[in-house]
Amino acid sequence: MDAEKSEEFYKKLIKQLYDTSKWPSTYLYKFIVLSEKEKIEAINTIFDNTGAVIESKKSKNGKYTSLSITVILQNPEAVVAKYKEVTQIEGVISL
């Protein structure tokens, strides 16, 4: 996704989150990444010291790992900030 489209997407997401949730709120992130230790650790580091609960599950053949991350955040802007941090890691798919 190019920068302009991603910024538009994030603006819409922020509006939807304000419209549908009361903040602070619990948010569930879902990511899929190649089962490479460095990539999984990089995502874990982004959520260090946030009180996040991180669950991981490898695919049947072990090539990919899905991460479900539940965390309490103060506002929708904080949700988007974490998405932007994670997208810096090559090959991460956000669901």
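**View 1. N49, in the loop between helix 2 and strand 2.** In this predicted model, N49 has a phi near 60°, a positive value in a residue that isn't glycine. That's worth a look, as most residues other than glycine have a negative phi. N49 is also out in the open: its relative accessible area is 83%, so it counts as exposed.

**View 2. The cis peptide bond between W23 and P24.** Here's another backbone oddity, this time in the loop between helix 1 (3-20) and strand 1, where P24 sits. Omega of the bond joining W23 and P24 is about 0°. Most peptide bonds, by contrast, are trans.

**View 3. S25, a buried residue of strand 1.** Just along from the cis bond, we step into the sheet. S25 belongs to strand 1 and has a relative accessibility of 15%; it counts as buried because that is under 20%. Its contacts, leaving out neighbours within four places in sequence, are V71, I72 and L73. Q74 lies 49 residues away from S25 along the chain, yet their C-alpha atoms are separated by 6.6 Å.

**View 4. The open sheet of four strands, ordered 2-3-1-4.** Pairing here is antiparallel. Strand 2 (53-58) and strand 4 (93-94) are the edges, each with a partner on one side only. Zoom in on strand 1 (residues 25-34) and strand 3 (residues 64-73), and you'll find an antiparallel pairing over 10 bridges. For a landmark, look for V33, which stands opposite T65 of strand 3.

**View 5. Helix 2 and its buried side.** K39, I40, I43 and I46 are the buried residues of this helix. They span an arc of only 120° around the axis, so they end up on the same side of helix 2. Turn to the other side and you get K37, E38 and T45, which are exposed. What covers the buried set? Strand 1, strand 3 and helix 3 are among the elements that do.

**View 6. K39, a buried lysine without a salt bridge.** This lysine is part of helix 2 (residues 37-46). Which side chain of opposite charge comes nearest to K39? That's E36, at 4.1 Å, and since a salt bridge has to fall within 4 Å, the pair doesn't make the cut. K39 does have a polar partner elsewhere: its side chain reaches the backbone oxygen of E90 at 2.6 Å. Setting aside residues up to four places away in sequence, K39 touches V33, I89, E90 and G91. The V33 in that list is the residue that stands opposite T65 in View 4.

**View 7. Helix 3, with a cap at its N-terminal end.** The cap is N75, where a side-chain oxygen lies 3.1 Å from the backbone nitrogen of E77. Within the helix (residues 76-86), the buried residues are P76, V79, V80, K82, Y83 and V86. Seen down the axis of helix 3, these buried residues fall within an arc of 160°, so they line one face of the helix.

**View 8. K82, a buried lysine in helix 3.** K82 has a relative accessibility of 13%, so it counts as buried. Beyond its neighbours within four places in sequence, K82 is in contact with Y29, I46, F47 and T50. One of these, I46, we've met already as a buried residue of helix 2. Another, Y29, is 53 residues from K82 in sequence but 9.3 Å away in space, C-alpha to C-alpha.

Note on methods: Residues numbered from 1 in each chain as written. Predicted model: local features only at pLDDT ≥ 70, side-chain atom pairs only at ≥ 80, totals over all residues. Heavy atoms only, no water. Buried < 20%, exposed > 50% of the residue type's maximum accessible area, 1.4 Å probe, protein only. Helix = DSSP H or I, 4+ residues; strand = E, 2+ residues; numbered from the N terminus. Arc of directions from axis to C-beta. Polar contact = N/O pair within 3.5 Å; in protein donor to acceptor, adjacent residues only side chain to side chain. Lys, Arg positive; Asp, Glu negative; His and termini not counted. Contact = heavy atoms within 4.5 Å. Pairing = 2+ DSSP bridges.
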